[in-house]
Amino acid sequence: MRHDHDNNRDHNPDRDPGDDRTALLLRHAMGAASAGLPPLPDLSGPARAEGRRRAGRRRLALGAAALAVAAAGAAGTRLLPEGSAAPAVVPAATAPAAPVGPVHIEPAPGEETMADLPDDERSRREVFQNEAVGVLQELLPQGTGTVRRTDLNVSRYQVERGDRVFVLILSVRPSTRSVAIPSCAGAKGGTCVTATLLDGVKARATTEPVGSGGVTATRATFAYGRSEVTLSLSPDESAGVSAPVTNEQLLTVASDPAFHELLRYADERPMEPLATSVGGG
């Protein structure tokens, strides 16, 4: 990644992806299907070694059926059609303890949640969320907090640090709009940084005041494949605490090969509504 400020990457060395039972089941379920997957992007220098190390550990299935199998293994149910050959999974008796459940977010009146989805689709999104939690926990700077998924929708997570709660959004939304190359022109106060991510993807990150202006939110946006991507952290306004990441730190997360594996899956098999132009916007 190239941007106009240097940034030291922070990692969480204590994160153990194997502690997430569902992610473990996912990896085993993917064993039989992964042989036909395309190779990872041809990265250069340290990025290639880093990308293969992480993606080899976390590579997503890019196959909805196998994701459903992994979810079925965690839930003890069968999602494949009768007669289908299911990839081998770790027996429940030997698998690690199940991950902490999602944070419950009360929906607004009339708002649909993941609980309204068919079982197989809800399972697919939950497995994706669990994988995203692991990637984000590893890539966000150490000390940011604990990442948890929520049961409201696939794009909403939260970061908990003591009694502070920050809303985290990871949205990969299919789009028919032509997305302009991001620039800092017209940024509303605060600070703005642009960067070139993997495969020449252009991104912008801004830290801007929200509410009364006493706290700030940090947000990165860019186009990926056929989707519009948003990665953001909001402040804990009730506590008067700004989002605990900088523009550069968020762009470092967005440039990582393991994060791009998440984007690739969500772009090829969307889980969010289509974004369309409204009123020429």
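**Order of elements.** I traced the elements from the N terminus and noted the run β-α-α-α-α-β-β-β-β-β-β-β-α-α. My tally for the protein is 6 helices and 8 strands. I record here that the model is predicted.

**Burial and surface.** I looked up the burial of the 281 residues and found that 46% are buried. The protein exposes about 13500 Å², and I note that carbon and sulfur atoms supply 51% of this area.

**Contacts along the chain.** I took the contacts with a separation of 6 or more and found that 66% of them join residues 24 or more positions apart.

**Nonpolar core.** In soluble globular proteins, nonpolar side chains tend to be buried together. I then examined the largest nonpolar core, which has 42 residues. The members that touch the most other members are Phe128, Leu136, Leu168, Leu170, Phe222 and Phe259. I followed Leu170 further, leaving out residues up to four places away in sequence. Its contacts include Ala132, Leu136, Val154, Tyr157, Leu231, Phe259, Leu262 and Leu263. Ser155, Thr230 and Glu272 are also among the residues that Leu170 touches.

**Helix α5.** I checked residues 247-254 and found 8 of the 8 buried, so helix α5 is largely enclosed by the rest of the structure. The buried residues of α5 include Asn247, Glu248 and Gln249 as well as Leu250, Leu251 and Val253.

**Thr246.** I placed Thr246 in the loop between β8 (227-233) and α5. Is Thr246 buried, exposed or partly exposed? I entered Thr246 as partly exposed because its relative accessible area is 33%, which falls between the limits of 20% and 50%. I also noted that Thr246 and Thr191 are 55 residues apart along the chain, while their C-alpha atoms are separated by 9.5 Å.

Conventions. Residues numbered from 1 in each chain as written. Predicted model: local features only at pLDDT ≥ 70, side-chain atom pairs only at ≥ 80, totals over all residues. Heavy atoms only, no water. Helix = DSSP H or I, 4+ residues; strand = E, 2+ residues; numbered from the N terminus. Buried < 20%, exposed > 50% of the residue type's maximum accessible area, 1.4 Å probe, protein only. Contact = heavy atoms within 4.5 Å. Areas by Shrake-Rupley, 256 points an atom, 1.4 Å probe, with all protein chains shown as cover. Core = buried A, V, L, I, M, F, W, Y, C linked by side-chain atoms within 4.5 Å.
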